[in-house]
Amino acid sequence: MTLILLIAVPLIAALIVLLPAKNIFRVRLLCAVSLFHASVVASFWWRRPGPELQGYFVLDPLGLLLLSILDLLFLATSFFMIGYFEREHRNNRTFTACILCLLSMTTMVSVSYHLGLMWVAIETTTLFSAPLISFHRNWKSLEATWKYLLVCSVGIALALMGTFFLAIAAHETRTLLLPAILNNAPLLSTSWLKLSVIFLFVGYGCKMGLAPMHSWKPEAYGQATGMVSVLMAGGLTQCSFLALMRVSQICHKTGLGDFYGSILIVAGVLSLVVPAVFLLDEKSLKRSFAFSSVEHVGLLVLGLGMGGVGVFGALFHMINNALAKVVMFLTAGSLAQKYGSSRAPEVRGVIHLYPVTGIFLLVALLAGTGMFPFATFHSELLIINASVISEHYVLAGIIIVCLAVIFMGISRLVLDLVYGKPVEPAPAPRENLFMNITIAAAAALLVGLGLWMPAPLSGLLHEAAALIGA
Amino acid sequence: MTPWIDVICILAVFLSLTLLATHRIVGMIKIFAVQSFFLGLVPLFLHGGIIAGRDLAVSLVTMVLKAGLVPAVLFWELRHISMRSEVRPILGLGASILCGAVLIAVAFWISLAMKLPGKLESSLVLPCSLATILLGFMTMVTRTRAVTQVLGYMVIENGIFLFALSLFDTMPVPIEMGILLDIFVAVFVMAIVLNHINEEFERTRSTGRRPRWGES
């Protein structure tokens, strides 16, 4: 019953925060639930729970990896929120309730072994994340929420269609439970499976924000608070990536690995080219980081598409992407709270007024663009290495050029924000300890992983990669 | 009971086309409710007229959620937001019907190439569901009002639902209910966001200029 408990506890807590209470009580409850959740998940690293609900809930290495990443994100966000809501006096009832529901539903995505159930959980994450984007309830944030809701709902409807196509392909097995599909892979109808793969890819790719289905991303991340962007860019996108990895498992078993791989590689390259083009002229920090998120999900699918060491790189990049997003979006959120904006003309000379936030901005730049010694450097190198090993030299060239252009685009903006002429008069709010500790801890973890990979983590990544057939 | 399913399939496409040709939002919501009601009847005719508890449950939930609650939420929305009741089509009504007819032909043509491994209750299920999905997309793309976009999305979902009926035994009932509930909650959340948009619109209209939609 452990997995069911992990899903149920945040839901019960969500009901509690709906009751009349102070803002700070709700944030503390969120912290407590995140801590409880994280400690239970940490215990799974020693002893994994067995299947539950007749095999509908199973925690395999891929699920454990995602679940651990999600816990890191929710822990970081909830601690950051303590500092954030010291200054923000808007009622956070719906906000914290939605975050708790998100924790529950993302847990369900990680452990669900039935593809229909997984769809239900992913769709529910869309619905609970939408109210979070419009927390500030202004015109632009509402517009961003509407775009996000419509684009992702239609995308996820296509994924539902893909799930039904898969059910037709698995006509002989009469179930969408993953082990049954994998064990009866030779019985699957190839033509329906191909159709299903295309629909599932477009649907979940839309939710993941892969180019060219990324149009909602700059708007949503640009308007959402930093904490919400962290959960969306580091958590929700990777939930959809888990769905794409499940599809990869099926394709590998049915001999459609090359077909699926080529789709992933094309989408991955597009997701690198698009941000490279748009970042050169971007003035808003949050929107820049949103384009950087498109780049990172592009790298994830590229690694998955190339197979071999690329899959290992993609799995490692999942962790690094999440940590980098914590540093990037929480810094952007902290900046936006101080200045009331994250755009270049209104924010300048941060290092003179807020030295700590200024340094964090530089750290976010290096972590997000994959510079040594941050672990993003290693995972990106692994993915480039995979393209060289598989003799895709042109592809390796394109990746390197795009990464270089993206680095130039983001660094131009960040350096302008950090070292430009300070704005007058200086904004009032001071640095906050909780916010800064959260960002520093994520950055330290990212550097730590860049210098040393613990044996249990390496073992889990190898186990997870083996599931996808790498 | 194939003839009944055939009739419902044809009705679903016909109603989607009528939706495209309607110029009042209230009328569009009513047409959607009727379409959902007929689709809710399909599970009752699936197993040669023998109605199992599961068929009845799915049928009832579909009718209550899609033909009852979703239209109710949309009508509530219409009453609360200050907007004109006419749709604002990018494409004229005549041109919309013509394009809709072409889409129906395309759906039938595509479905010829799609050979189902199992046996379907009716050969019209696949082409009609594809046609409904395509017409739903067209409603979404060519109608600029937010409520009509929600209706387009719901028509797409109806098309997918019709298709899903052919796989009735593959999906366990709780998951089917989850899918239906998710779709209802989606409409509910969209209605809340629309309400917030309207409040913000009213507020900015009285206090000053608001940015144009799409202006950053």
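**Helix α6 against helix α9, chain A**

I looked up how α6(A) lies against helix α9 (residues 216-223) of chain A in this predicted model, and I found that the two axes come within 8 Å and cross at roughly 140 degrees. The angle is not over 145, the limit beyond which a pair counts as roughly antiparallel, and α6(A) and α9(A) are therefore oblique to each other. For the handedness I noted that α6(A) passes α9(A) in a left-handed crossing. I then listed the residues that make the contact: α6(A) brings K140(A), S141(A), A144(A), K147(A), Y148(A), V151(A) and C152(A), while α9(A) brings W216(A), E219(A), A220(A), G222(A) and Q223(A). Sorted by class, the contact of α6(A) with α9(A) has six nonpolar, three polar and three charged residues.

**The loop before α9**

I went next to H214(A), which is found in the loop between α8 (190-208) and α9 of chain A. Is H214(A) buried or exposed? I counted it as buried, because it has 24 C-beta neighbours inside 10 Å and the cut-off for burial is 20 or more. Leaving aside neighbours within four places in sequence, I recorded contacts of H214(A) with G209(A), V274(A) and V294(A). The last of these, V294(A), is 80 residues from H214(A) along the chain, yet I read a separation of 7.1 Å between their C-alpha atoms.

**L302 in helix α12**

I placed L302(A) in helix α12 (residues 285-306) of chain A. L302(A) has 31 C-beta neighbours inside 10 Å and so counts as buried. Once residues up to four places away in sequence are set aside, I find that L302(A) touches L264(A), I265(A), G268(A) and I383(A). I also checked L302(A) against L62(A), and the two are 240 residues apart in sequence and 18 Å apart in space, C-alpha to C-alpha.

**The nonpolar core**

I asked which residues have the most contacts inside the largest nonpolar core. This core has 247 residues, and the answer I wrote down is L73(A), L100(A), L315(A), V327(A), A367(A) and L446(A). The largest share of this core, 20 residues, comes from α6(A), the helix I had already followed in its crossing with α9(A). I kept one general remark beside this entry: in soluble globular proteins, nonpolar side chains tend to be buried together. Taking L100(A) from the list, I looked up its contacts beyond four places in sequence and found P10(A), A13(A), A14(A), V17(A), L30(A) and V33(A).

**Where chain A meets chain B**

I turned to the contact between the chains, which takes 32 residues from chain A and 31 residues from chain B. On the side of chain A that touches chain B, the elements giving two or more residues are α5 (115-133) and α6 (139-169) of chain A. Here again I met α6(A), since the largest share of that side, 16 residues, comes from it. By class, I noted that the residues of this side of chain A divide into 17 nonpolar, 10 polar and five charged.

**Chain B on its own**

I closed with chain B, whose secondary structure comes to seven helices and zero strands, read along the sequence as α-α-α-α-α-α-α. Of its 216 residues, 44% count as buried. Among the contacts in chain B with a separation of 6 or more, I noted that residues 24 or more positions apart account for 75%.

Terms used: Residues are numbered from 1 along each chain as its sequence is written. Chains are lettered from A and ligands numbered from 1 in the order in which they are written. This is a predicted model: local features need pLDDT of at least 70, side-chain atom pairs count only at pLDDT 80 or more; totals for chains, interfaces and linings use all residues. Two residues are in contact if their C-beta atoms, placed from the backbone, lie within 7 Å. Helices (H or I, at least four residues) and strands (E, at least two) are DSSP runs, numbered from the N terminus. Ala, Val, Leu, Ile, Met, Phe, Trp, Tyr, Cys and Pro count as nonpolar, Asp, Glu, Lys and Arg as charged, and the others, Gly among them, as polar. A nonpolar core is a set of buried Ala, Val, Leu, Ile, Met, Phe, Trp, Tyr and Cys residues joined through C-beta atoms within 7 Å. A residue is buried if 20 or more other C-beta atoms lie within 10 Å of its own, exposed if 12 or fewer, and partly exposed in between; C-beta atoms are placed from the backbone. Axes are lines fitted to C-alpha atoms, for helices over the stretch in contact, and angles run from 0 to 180 degrees between N-to-C directions. Angles under 35 degrees count as roughly parallel, over 145 as roughly antiparallel, 65 to 115 as roughly perpendicular and the rest as oblique. A crossing is left-handed if the near helix is turned anticlockwise from the far one by less than a right angle, and right-handed if clockwise.
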